[in-house]
Amino acid sequence: MKFVFGTDGWRDIIADGFTFENVRVVSQAVCDYHRARNSSPRIALGYDTRFLSDLFAENVALVAAGNGIQVTMSHSFVPTPALAYETYSGGYDGGIMITASHNPPQYNGFKVKASFGGSAPPETVDGISRILEDNL
């Protein structure tokens, strides 16, 4: 599987490329990235109303917890700006939003947010992509 990160993260068709297994693989790369920069990182996690987004987010949370990362997951679906604000205002090292934004309904996505709440900068995305390739 080739993971291509675009604006804000990775998107693919649900049950084709966007599977529970692939979400866990991407989650592990994000966890490895944060653990390399902070011995006890904290991540905010949210999801939208797309098909299975809540279960995809639970898989992200399980991977993060398995890596000793404190993850705070929304109790219900949230809009991406709310997750971005929580990432910044809560002092998190980063955020993850399960959403495909404006893409067609058969897609879902994995958005990576920086500690300031905005899109992860290119150096962060490149770092996660390198780790992802190494982990495969």
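Here are some friendly notes to read alongside the structure, which is a predicted model.

1. **The core.** A good place to begin is the inside of the protein. The largest nonpolar core holds 30 residues. Phe 5, Trp 10, Ile 96, Ile 98 and Phe 110 are the ones with the most contacts inside this core. Several elements contribute: α1 (20–37), β3 (42–47), α2 (53–66), β5 (94–98), β6 and α4 (122–135) each give at least two residues to it. As background, nonpolar side chains tend to be buried together in soluble globular proteins.

2. **A closer look at Ile 96.** Which residues does Ile 96 contact, leaving aside its neighbours within four places in sequence? Try finding them in the model: Val 30, Ile 43, Ala 44, Leu 45, Gly 46, Val 60, Leu 83, Phe 110 and Lys 111. One of these, Phe 110, is also listed among the core residues with the most contacts.

3. **Charged pairs.** How many salt bridges are there? The count comes to four. One of them joins the side chains of Lys 111 and Asp 8, at 3.5 Å from N to O. This pair connects distant parts of the chain, with their positions 103 residues apart: Lys 111 lies in strand β6 (residues 107–114), while Asp 8 sits in the loop between β1 (5–6) and β2 (9–13). Lys 111 and Asp 8 are both buried.

4. **A second partner for Asp 8.** Asp 8 also forms a salt bridge with Lys 113, at 3.4 Å from N to O. Here too distant parts of the chain are linked, since the loop between β1 and β2 holds Asp 8 and strand β6 holds Lys 113, 105 residues apart. Both Asp 8 and Lys 113 are buried.

5. **Asp 48 and Arg 50.** Another salt bridge brings together the side chains of Asp 48 and Arg 50, at 3.7 Å from N to O. Are these two residues buried or exposed? Asp 48 has a relative accessible area of 15%, so this residue counts as buried, the cut-off being under 20%. Arg 50 is buried as well, because its relative accessible area is 15%. Returning to Asp 8, shared partners join Asp 8, Lys 111 and Lys 113 into one network of salt bridges.

6. **A nonpolar patch outside.** Finally, turn to the surface. Tyr 85, Tyr 88 and Phe 116 make a nonpolar surface patch of about 410 Å². Tyr 88 is located in helix α3 (residues 80–89). Why is Tyr 88 called exposed? Its relative accessible area is 53%, and exposed means over 50%, so Tyr 88 qualifies.

Definitions and conventions:
Residues numbered from 1 in each chain as written. Predicted model: local features only at pLDDT ≥ 70, side-chain atom pairs only at ≥ 80, totals over all residues. Heavy atoms only, no water. Patch = residues over 30% accessible without salt bridge, like charges linked within 9 Å, V, L, I, M, F, W, Y side chains within 5 Å. Areas by Shrake-Rupley, 256 points an atom, 1.4 Å probe, with all protein chains shown as cover. Helix = DSSP H or I, 4+ residues; strand = E, 2+ residues; numbered from the N terminus. Buried < 20%, exposed > 50% of the residue type's maximum accessible area, 1.4 Å probe, protein only. Core = buried A, V, L, I, M, F, W, Y, C linked by side-chain atoms within 4.5 Å. Contact = heavy atoms within 4.5 Å.
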